[in-house]
Amino acid sequence: MVEHVSIAIDGPAGAGKSTVARIVAKRLGLLYVDTGAMYRSVAWLAVRFGVRPSDELGLTRLLDEYLLGFERDPALGTLVVRFQNQDITPELRSPEVSGIVSQLSVHPLVRERLTSIQRSLRRDTGVVMDGRDIGTVVMPDADVKVFLTASLDERARRRAEEITAAQGREVSEVSIRKSMAERDARDSSRDVAPLRPAADAYILDSTGKSIDEVVDEILRLVRESVK
Ligand code: CDP
Ligand code: CDP
């Protein structure tokens, strides 16, 4: 039955959601859906076409007009986002996109469109989906719900190390911490689908824990839920 299991992983930025979700999906042979990449792709469109993040109708028009392709990369097990045949995935984590994404994810019309795509990707396969509102809104019937968190200091340190490893340059942990805290506050305080644990979520604090330890804990929850 593990092949039909649905796992929701929510939590603040840098908690390790996509890292552990990808590994858990691979280990169990499930589809991995990174919903943050979808919100980031709307932000990418906004930057590209000069639409303000506050302009809800302008953003939905962009989404209707420019069909974004969300495909699974079978080798990596991650989501590839295409715009007019161009793979824009590497651009989704730019500071420009990160800086505005939580401003546009407050809009109900934007969320409605993306939530419906996320639910359609689920179809009849098992899935690991990560984001902010997966256990509360997108898959309230998920078999396993995890709210993954870690201290702000540790999350900022992880993100800084990640950027240094990928780009070979030192980044200021202080500025990363500041922008993460702002994004978390915006995500937690919005009216529609705010970041919060579902009532039946398992709260997993990964501060001081390795990736393997977190993955093992989630796999244990899955085994318990399908036995
Ligand atoms: O990887 P990181 O945690 O930094 O961010 P992400 O998961 O890529 O999500 C980027 C932003 O998209 C979040 O800060 C939220 O504003 C928004 N988001 C959301 O509102 N709902 C989701 N299910 C996923 C992301
Ligand atoms: O998706 P989210 O923003 O929650 O986090 P991420 O993009 O997976 O980034 C987390 C970073 O922390 C990655 O560089 C991981 O290698 C590292 N990390 C982790 O994910 N989990 C731990 N328990 C320890 C470190």
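Trainee: At which residues does UniProt place the feature "binding site"?

Mentor: The unreviewed UniProt entry puts it at Gly11, Pro12, Ala13, Gly14, Ala15, Gly16, Lys17, Ser18 and Thr19. UniProt positions follow the numbering used here, feature names are shortened, and annotations may be inferred rather than shown by experiment. This is a predicted model, where local features need pLDDT of at least 70, side-chain atom pairs count only at pLDDT 80 or more, and totals for chains, interfaces and linings use all residues. Residues are numbered from 1 along each chain as its sequence is written, while chains are lettered from A and ligands numbered from 1 in the order in which they are written.

Trainee: Why is Gly11 called buried?

Mentor: A residue is buried if 20 or more other C-beta atoms, placed from the backbone, lie within 10 Å of its own (exposed if 12 or fewer, partly exposed in between). Gly11 has 26 such neighbours, so Gly11 is buried.

Trainee: And what makes Gly16 buried?

Mentor: Gly16 has 24 other C-beta atoms within 10 Å, so Gly16 counts as buried.

Trainee: How do you know what Gly16 touches?

Mentor: Two residues are in contact if their C-beta atoms, placed from the backbone, lie within 7 Å. Not counting residues up to four places away in sequence, Gly16 touches Leu148, Ala150, Ser206, Ile211 and Val214.

Trainee: Which residues come nearest to ligand 2?

Mentor: Of the 15 residues around ligand 2 (C-beta atom, placed from the backbone, within 6 Å), Gly16, Lys17, Ser18, Thr19 and Arg158 come nearest.
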